[in-house]
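This report covers a ligand site, two helix pairs and some backbone details. The structure comes first.

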Amino acid sequence: MAFTFQINNDVQFEHRQDFLDKAANYRPKLQQTKVAAKSLVTLEQDSDGLEGWGVKQVATADELPNHELKRGDQLILDFGNHQVGQFSMDIDAVGSPMDAPLFLKLKFAEMPAELAHKSEDYDGWLSKSWIQEESIHLDTLPTTLTLPRRYSFRYVEITVVDTSPKWRAVFSNPTVNAVSAVDIATVSQPKLADEQLQRIYEVGLKTLADCMQDVFEDGPKRDRRLWIGDLRLQALANYATFKDTDLVKRCLYLFGAMPATDGRIPANVFTKPTEVPDDTFLFDYSLFFISILADYEAFNSDKAVLDDLYDVAKKQIDVGLKQVDEDGKLVLTEDEPVFIDWSNEFNKDTAGQAIMIYTLKQFIALAQQVNDPDLPTYTAMLDKLVRYAKTQLFDQQRGLFVSGEQREINVASQVWMTLAHVLDDDQTKALMQTTVVQLFPITGIATPYMYHHVTEALFEAGLKSEAVQLMKDYWGKMVALGADTYWEAFDPSQPDYSPYGSPILNSYCHAWSCTPVYLINKYLV
Ligand code: RAM
């Protein structure tokens, strides 16, 4: 079951104004910081960098005004770290009078490899409008150019398409007005003895901060909106770091305000120009509304929020449980696929069953808090789902869970069954030990989102050193390849992997990859 675009124009949505008002009350005031470019660089082949690309510093940014650019000239600014914000710079003309407009192209990149791809070559399934570039004509110089869009970048490639033979363009003061809902300086970071883990933590923290905007965005380059799957992990990472409960409440109320009329929470919502639910549904994402509420309550015991949103959570479990058959088997449909990971190379049925169990357990904890009289119905359903998993999906001989009609064995099934604690502690430890022996090194998993769950499953099973090793092999590998922030997709065996047909569309600061801050804080500090 693959996930691409869903178009569900016939789905009607609710619009609870009281919840939208609460979401508006928790809207953050974004912090703004002016950051100047650090240096001028050139794009260089670098076998250690992502896709074989890196940069070489050729001058400091102060030297920028010494460069006079004419037809076809190009330079690359390096801001020294990942930035999210509005870009501006001063531009002047030198030489004879300016007898023609300046025609400029600007391209913004989070990673050097993005600059090596030609935008014209992109032919993937997501819109090419996400490629961060502009073409601008300026009739009069000097001027200060301030671009209207917010960009997510470290590098800015400036190409002078043309001036005229009589004059040249000069640039100065390249600046970004960087924005975020939070300030990294306010977080007391753990002092880790292991330098590599310390760096893995720092990059995770920067990733989280740059994705915390008007909502918890999935990625400031793309899609720049609130997705449930990303929010769940961001909220956990946020409890370990910034502890910004208002932003979590804002996002919970946004989803709670706009379910479909059949109760299902959509996979993501837009907030501009106004609040709009997307007509996309993912089975696991709808259920994760429960997790986000349960995790929030575990962190903040907030009766008012629970009273408001309990019924929304209950609706998600009720809708999900309708897909459980008499034997306790979850039956997934093509209409509402389960996501798990971008990779479609493995069967996701058993991972889906485990997520049903995982979220039902969290729902039961909430139901106990509100003394829901229906509680026995849910505990009975839990028993049924767990019994099916243990008797039909767990292969005693192999010591692993199977998935789908072909009884496929894959990492995701073991991991989600571990996270759902379907087996007892000793059996869970044995399950993950067998997983490490038989299914590692991992293949065919494409996202930090799924790698997060693998790492957390190792920790939950008590395999601490294996978990740390995986964190180093995976997030540490991104750092080694030049990451300032972690990426949306990364398959170590094919570093140019993209779910979209070209890595030029990939987001290199993506919320669901920030979780080392949560994992390190929860299991290692
Ligand atoms: C991508 C988004 C988002 C993720 C979905 C499933 O389109 O970037 O982060 O949650 O996929």
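## Ligand shell

The model is predicted. The ligand has 13 residues around it. Those that come nearest are Asp-218, Arg-222, Asp-230, Tyr-285 and His-510. By class, 7 residues of the shell are nonpolar, 5 are charged and 1 is polar.

## Polar contacts and burial

Three acidic side chains are worth listing by distance to ligand oxygen. For Asp-230, an N or O atom of the side chain sits 2.6 Å from an oxygen atom of the ligand. For Asp-223, a polar side-chain atom is 3.2 Å from a ligand oxygen. For Glu-488, the distance between a side-chain N or O atom and an oxygen atom of the ligand is 3.3 Å. How much of the ligand does the protein bury? Taken alone, the ligand exposes 290 Å², and 97% of that is buried by the protein.

## Helix pairs

Two packed helices are described by the angle between their axes and by the distance between those axes. Take helix 4 and helix 5 to begin with. Helix 4 covers residues 228-239, and helix 5 covers residues 245-257. Their axes come within 11 Å and cross at roughly 160 degrees. Angles over 145 degrees count as roughly antiparallel, so helix 4 is roughly antiparallel to helix 5. The crossing of helix 4 and helix 5 is left-handed.

Next come helix 12 and helix 13. Helix 12 spans residues 448-460, and helix 13 spans residues 464-480. The two axes come within 7 Å, with a crossing angle of roughly 160 degrees. Helix 12 and helix 13 are therefore roughly antiparallel to each other. Helix 12 and helix 13 cross in a left-handed sense.

## Backbone details

Which peptide bonds before Pro-273 and Pro-441 are cis or trans? The bond joining Lys-272 and Pro-273 is cis, with omega about 0 degrees. Pro-273 lies in the loop between strand 11 (268-270) and strand 12 (276-277). The peptide bond from Phe-440 to Pro-441 is also cis, and its omega is near -5 degrees. Pro-441 is placed in the loop between helix 11 (425-439) and helix 12.

Arg-224 has a phi near 60 degrees. That is a positive value in a residue other than glycine. Arg-224 belongs to the loop between helix 3 (195-211) and strand 10 (226-227).

Definitions and conventions. Residues numbered from 1 in each chain as written. Predicted model: local features only at pLDDT ≥ 70, side-chain atom pairs only at ≥ 80, totals over all residues. Heavy atoms only, no water. Near = heavy atom within 4 Å. Polar contact = N/O pair within 3.5 Å; in protein donor to acceptor, adjacent residues only side chain to side chain. Areas by Shrake-Rupley, 256 points an atom, 1.4 Å probe, with all protein chains shown as cover. Nonpolar A, V, L, I, M, F, W, Y, C, P; charged D, E, K, R; others polar. Axes fitted to C-alpha atoms, helices over the stretch in contact; angles between N-to-C directions. Helix = DSSP H or I, 4+ residues; strand = E, 2+ residues; numbered from the N terminus. Parallel < 35°, antiparallel > 145°, perpendicular 65-115°, else oblique. Left-handed = near helix turned anticlockwise from the far one by under 90°.
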